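Reader: Could you take me through one part of this model at close range, please? I'd enjoy a connected account of how two helices meet, with some of the surroundings added.

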Amino acid sequence: MAAVPIEESVDIARKCWIKFKKESILALYTPFIVCLASGTLRLETFQHYIAQDSYFLKAFAQAYEAAEECTDDDDAKVGINELRKNVIEELKMHDTVIQEWGFDPAKQSTPNPATVKYTDFLLATASGKIEGVKAAKLATPFERTKLAAYILGAMIPCMRLCAYLGKELHVFLESETTHPYKKWIDSYASEGFQGLTLQNEELLEKLSVSLTGEELDIIEKLYQQAMKLELGFFLAQPIDQKSVIPLSREHSPAEHRLVIFFNFDLTCAVVDSSAILAEIAIMSAPKSGENQPENQLVRMLSADLRSTWEHLSKQYTEEYEQCIETMLLTEKVENFDYERLHKALEQLSDFEKRANLRVIESGVLKGLNLEDIKRAGERLILQDGCNNFFQSIIQNEQLNADIHVLSYCWCGDLMRSAFSSGGLDVLNVHANELIFEENLSTGEIVKKVESPIDKVQAFSKILNSCSNDKKNLTVYVGDSVGDLLCLLQADIGIVLSPSSNLMKVGNHFGVSFIPLFPGVVEKQKICAAGNSSCWTEASSVLYTVSSWAEIHAFILGS
């Protein structure tokens, strides 16, 4: 589900799709789509959806008609007319399906508030009632062509989202010979519908050629609003059956304590914290010829420090790769073997501790100013969506969730400062700590979490310290080999953009990696079969995601 790099496609529609990708992921993870993908969605719910979609498509056809009237480009008129005809054909398909079921939407279903809000938005846009655009500006034929572009900007999100959902869901038809919603999925996954979506986007590009930056911004705002309304449309479909997502709804605060663990470097932060600390040390170190202040720690010169750090980094990388290769020389297991994996990672743990000892003995961490570290933490960039995810959890007081970060980072102050600057002071940080004297680091480290073994021991200790009045539902989010044991000990292990070494080591010891969304769909099937504890069963399966948006959608929903 990776987004197309924006450099590879410069059209306005593709830029907007990438920019507002989060809404598409949230839509994919709605209970309605998950139940539909699993084939367990109740027929009455789907009938209600078809009825709501029919109301929407009628407004869609009217919007196309308005766009056709607005444009003065003959080719665009023909193209829009063809698109309108396709909507009418889709309405006929809906009617056929409805007749097969003996279902009369006019009698059994009226437009719900989300449908009305969406259709009102479309029709208002089609009539020129657009925020930031004065009606007088749309009086001339040239200006009205701009309105045609605005209308398409408000319509394309529906097409692109349905094309995306069709493709994502089509994979589930391969293992289901009698999927009840095959016809719906096939229609949106078809080359024909994908082509229609592209045709809409190409028309928008053509009509947008002469638009100013301000006018393109209006299209972007319409696109964003339409994406939010699309998401609201799917969320509004009534689900009167048990759904495995969002996890926060499945989780009962009265019975369970939701405990979320996550790694820091590259899982939450976009860069490795050790490199940040090294850069602070190098930049603040004395230059050649400078006198060092009396009564302060004697430090290496900046050039010497950089050279030492480069040597340490190169040595670490080479020995780390050798350690991984040594682990993979053992016989590959046929079935998951946690004990063998644990034993293998003890070797990695020994290596990590030796590497830390070299860093301490080198003196590269000596003389760092605590205030410099805190300022660096405040400027540290977190992964897109990470801060928003944790803010949402903190603000949901009814969720009864504990959040813990487990990290090899040498300096917990750096991490605490990074979180504090984003309003996340309540996160529990478990990491190593630099020792300071009068705000300057001595170069020594209080060793708390140095290795995979340390991490899993800290994980267990945290859970053991929880009160026994509630059961724990645990989630661990990580990205590297050092997270493997914790990922497997958690009820739900989520791997964010997994490293190649993590995949190789995991596969070698029988760990299975499954993209999260197919995993959720499979759990929904299990849930529909009557198993109420599908997330808390011991498993060798880890779930992969490409963004924090997926984690947010899975745990919190929209």
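Author: Happy to; what follows starts with the whole chain, goes on to one helix pair, and ends with a few other spots.

This is a predicted model, in which local features need pLDDT of at least 70 and side-chain atom pairs count only at pLDDT 80 or more, while totals for chains, interfaces and linings use all residues. Residues are numbered from 1 along each chain as its sequence is written, and side-chain values use heavy atoms, leaving out hydrogens and water.

The protein chain has 23 helices and ten strands; helices (H or I, at least four residues) and strands (E, at least two) are DSSP runs, numbered from the N terminus. Its C-alpha trace spans about 80 × 60 × 45 Å along the principal axes. Of its 558 residues, 54% count as buried, meaning under 20% relative accessible area with a 1.4 Å probe, protein chains only.

Now for the close look. Helix H14 (residues 302–328) and helix H21 (residues 500–508) have axes that come within 10 Å and cross at roughly 20°. Those axes are lines fitted to C-alpha atoms over the stretch in contact, with angles from 0 to 180 degrees between N-to-C directions. H14 and H21 are therefore roughly parallel to each other, a label for angles under 35 degrees. On the H14 side, Tyr320, Glu321, Ile324, Met327 and Leu328 meet Asn501, Lys504, Val505 and His508 of H21, where contact means heavy atoms within 4.5 Å. The residues of this contact divide into five nonpolar, two polar and two charged; Ala, Val, Leu, Ile, Met, Phe, Trp, Tyr, Cys and Pro count as nonpolar, Asp, Glu, Lys and Arg as charged, and the others, Gly among them, as polar.

Further along the chain is helix H22 (residues 516–528), whose 13 residues should span 18 Å at 1.5 Å a residue, and its end C-alpha atoms are indeed 18 Å apart. The expected span is 1.5 Å times one less than the number of residues. Among the buried residues of H22 are Leu516, Phe517, Val520 and Cys527. Just after H22, glycine 530 takes a positive phi of about 110°.

Helix H23 (residues 548–555) has eight of its eight residues buried, including Trp548, Glu550 and His552. Glycine 557, just after H23, has a positive phi of about 75°.

Finally, alanine 126 lies in helix H7 (residues 113–126) and is buried, with a relative accessible area of 12%. Not counting residues up to four places away in sequence, alanine 126 touches Ala63, Ala66, Leu147 and Ile151.

Conventions
Buried means under 20% relative accessible area, exposed over 50%, partly exposed in between (1.4 Å probe, protein chains only). Angles under 35 degrees count as roughly parallel, over 145 as roughly antiparallel, 65 to 115 as roughly perpendicular and the rest as oblique.
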